[in-house]
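Colleague: Thanks for sitting down with me over this one. Could you put the structure up so that we can talk it through?

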Amino acid sequence: MDIVVLAGGYSHEREVSMSSGSLIANALMKNGHRVILLDLYFGTTEANTFEEAYKKLNKDKYEYKVKRQIPDLNLLRSKKDKPNELIGDNIIPISQTADLVFLSLHGELGENGQIQAVFDLYDITYTGTGYMGSAIAMNKILAKEVMSQYGIKTPAWEVLSDEQQPKMSVPCVVKPDAGGSSIGVYLVEKAEELKEAIADARKYSTNVLIEEMIKGREFSIGILEDTALPPIEIIPKSGFYNYENKYQEGATVEICPAEISEKLTKEMQAIAKQVHKVLRLEYYSRIDFIVTDSGEIYCIEANTLPGMTPTSLFPQEATAGGIDYDTLCDRIAQLAVGKK
């Protein structure tokens, strides 16, 4: 197939996205596809069809490593003539002339359903969940409301808009109501830390989510088609599973399959499949959990476009399930075309 791997974009998670995209592009090329990697935000002025773009832009190998710093979006905007246009030059016509767009986008525009809705309007085939499921899962508040309605245990929460002050006491978790990669997320243990945490979270979204802090072990379970993959346990060497611990090699110990009982594995896998279903997700996702010492399972959130970087969880889970990285990328691509 002729495949556009779409990465980057106007997002605080663009670094992660570019790293994922480079690996996905390399894997798809190994599987015999013609591939170009494009940045959603900037696009290209060098071509307006896939054929032209392939002749001018394709590479033998793509490489991109996640930097430690969260991207400065103001600096990003300064590099573009029309910074408010979030879809870059020729992204639409090139995508229309490809067989498939493999979405390697994370955060804001990439996972909140907007780009999916635009592509639906242009009859562009893309990977992952459609606009509705993407919008539900990306909005942490809406996702928690849906999960609670279906009896899925998730930490108690409240929502702060404007300059509201929280009613929930510490310890608690403060996070933006949308976004991923733990950007703007704080584990608040002391009352004097709460104000600063809320102020920082507001930099990334209008509404701030305050959650009950659940103490326990952290796990994640990928869903591929109708199958729940083996669970992975996440143990940061210091602090919690924040942006740096997620994407800098060696910062976190990840055990897959997780060393837990068969009973707990099956319980979590069943809940993961239920979350995937009630949030209207399609053929792949990753569901995150915390399990307390007493065995209570809390769902934290769902990821509609799981990371595919060298340290990402979803590829590790697939490998434990007998699916290597190159095969995983090819299967996702084939499923997207089959969905059409």
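Colleague: Does Thr-304 count as buried or exposed?

Modeller: Bear in mind that this is a predicted model. Thr-304 lies in the loop between β13 (297–303) and α12 (313–320). Its relative accessibility is 4%, and the cut-off for a buried residue is under 20%. Therefore Thr-304 counts as buried.

Colleague: With which side chain does the side chain of Thr-304 make a polar contact?

Modeller: Let's start with the surroundings. Leaving aside neighbours within four places in sequence, Thr-304 is in contact with Gly-133, Ser-134, Ala-137, Leu-281 and Tyr-284, among others. Glu-111 is also one of its contacts. The polar contact, at 3.3 Å, joins the side chain of Thr-304 to the side chain of Glu-111.

Colleague: Nice. Now the cysteines: how many disulfides does a search of the whole structure find?

Modeller: Take Cys-299, whose closest cysteine sulfur, in Cys-256, is 18 Å away, too far for a bond. For Cys-329, the nearest cysteine sulfur is again that of Cys-256, at 16 Å, and Cys-329 is in no disulfide. A disulfide would need two sulfur atoms within 2.5 Å. Over the whole structure, the number found is zero.

Colleague: And what is the relative accessible area of Cys-329?

Modeller: Cys-299 is buried, with a relative accessible area of 0%. Cys-329 is buried too, and its value is 0%.

Colleague: Let's turn to the four-stranded open sheet. Which are its edge strands?

Modeller: The strands run in the order β4-β7-β5-β6, with antiparallel pairing. An edge strand here pairs on one side only. That description fits β4 (157–160) and β6 (186–188).

Colleague: Which residue in β7 stands opposite Trp-157?

Modeller: Strand β4 pairs with β7 (residues 208–212) in the antiparallel sense, over four bridges. Within β7, the residue opposite Trp-157 is Glu-211.

Colleague: Two helices pack on this sheet, so to finish: what angle does the direction of α9 make with that of β5?

Modeller: Helix α8 (residues 140–149) touches β4, β5 (172–176) and β7, and its direction makes about 150 degrees with that of β4. Helix α9 (residues 191–201) also packs on the sheet, touching β4, β5, β6 and β7. Its direction relative to that of β5 makes an angle of about 20 degrees.

Conventions: Residues numbered from 1 in each chain as written. Predicted model: local features only at pLDDT ≥ 70, side-chain atom pairs only at ≥ 80, totals over all residues. Heavy atoms only, no water. Buried < 20%, exposed > 50% of the residue type's maximum accessible area, 1.4 Å probe, protein only. Pairing = 2+ DSSP bridges. Contact = heavy atoms within 4.5 Å. Axes fitted to C-alpha atoms, helices over the stretch in contact; angles between N-to-C directions. Polar contact = N/O pair within 3.5 Å; in protein donor to acceptor, adjacent residues only side chain to side chain.
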